[in-house]
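Here are my notes on the model you sent over. Have it open on your screen while you read, and click on each residue as it comes up.

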Amino acid sequence: MRKPTVASVFRPGGDYVWEDVVCLRNACDDNIIGGCRFVCMTSIVDKAEERDGIICVPFKKDFPGWWGKIELFGPRAIKYRPFLYFDLDVAIVGDITKWAKLDEDFGFTMVVDYHHKRPGSTPMFIPKNHEGVTNIWKEFIQKPAKWMNKFKRGGDQEYIAEICM
């Protein structure tokens, strides 16, 4: 049986360094019974390759800032789904096996930020076959400037919620 997949997104030059990706992978691996397969959508590779036990998948488009997260819904991520997604600033402090082993029937899932009462884009469960998930990429790729401008303040999470939920 294949290990569950956990994914993240990394673009160097901002607040995060590669060691943050490794740290998140280690935390996930330590807190999922049987470990996990870890995938990182990133701008640091030109083709899919493994680094430090992490499958690095290149961005198809290099959208600025948090918009890199849209790559999770794009064609290069499909073969790694379903997966559980975390931002690099998440601390895993307990068993997340149940979340990591969700199946297709669970559907696309985002949390609701209890403080701001709006969708949050970490964690997310992204199933393999889900029309809303497919539409996130299709809609965005047609007019990225439109969506980035419309959701300047709320960012990717509000865009994702509008399209998918």
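The points below go from one helix and its partner to a few single residues.

1. First, some ground rules. This is a predicted model, so local features need pLDDT of at least 70, side-chain atom pairs count only at pLDDT 80 or more, and totals for chains, interfaces and linings use all residues. Residues are numbered from 1 along each chain as its sequence is written, and side-chain values use heavy atoms, with hydrogens and water left out.

2. Start with helix H5, residues 155-164 (helices are DSSP runs of H or I with at least four residues, strands are runs of E with at least two, and both are numbered from the N terminus). Seven of the ten residues in H5 are buried, so the helix is mostly covered. Here buried means under 20% relative accessible area, exposed means over 50%, and partly exposed is in between (1.4 Å probe, protein chains only). The buried ones are Gly155, Asp156, Gln157, Tyr159, Ile160, Ala161 and Cys164.

3. Now bring in helix H3, residues 131-142: its axis and that of H5 come within 9 Å and cross at roughly 120°. Axes are lines fitted to C-alpha atoms, for helices over the stretch in contact, and angles run from 0 to 180 degrees between N-to-C directions. H3 and H5 are therefore oblique to each other. For the labels, under 35 degrees is roughly parallel, over 145 roughly antiparallel, 65 to 115 roughly perpendicular, and the rest oblique.

4. Which residues of H3 meet H5? Gly132, Val133, Asn135, Ile136, Glu139 and Phe140 do, and on the H5 side they meet Tyr159, Ile160, Ile163 and Cys164. By class, this contact has seven nonpolar, two polar and one charged residues. Nonpolar covers Ala, Val, Leu, Ile, Met, Phe, Trp, Tyr, Cys and Pro; charged covers Asp, Glu, Lys and Arg; the others, Gly among them, are polar. Contact means heavy atoms within 4.5 Å.

5. A handy rule goes with this: an α-helix has 3.6 residues a turn, so residues three or four places apart point the same way.

6. Isoleucine 160 lies in H5 and is buried, with a relative accessible area of 0%. Its C-alpha atom is 8.4 Å from that of isoleucine 70, although the two are 90 residues apart along the chain.

7. Is aspartate 156, also placed in H5, buried or exposed? Aspartate 156 is buried, with a relative accessible area of 3%. Its side chain makes a polar contact with the side chain of lysine 69 at 3.3 Å. A polar contact is a pair of N or O atoms within 3.5 Å; within protein, one must be able to donate a hydrogen and the other to accept it, and residues adjacent in sequence count only if both atoms are side-chain atoms. Beyond neighbours within four places in sequence, aspartate 156 is in contact with Trp66, Trp67, Lys69 and Ser121.

8. Over in strand S1 (residues 5-10) you'll find phenylalanine 10, which is buried at 3% relative accessible area. Not counting residues up to four places away in sequence, phenylalanine 10 touches a list of residues including Tyr16, Trp18, Met41, Phe59 and Leu88.

9. Last, look at proline 82, in the loop between strands S4 (54-58) and S5 (83-85). The peptide bond from arginine 81 to proline 82 is cis, with omega near 0°. Proline 82 is partly exposed, at 22% relative accessible area.
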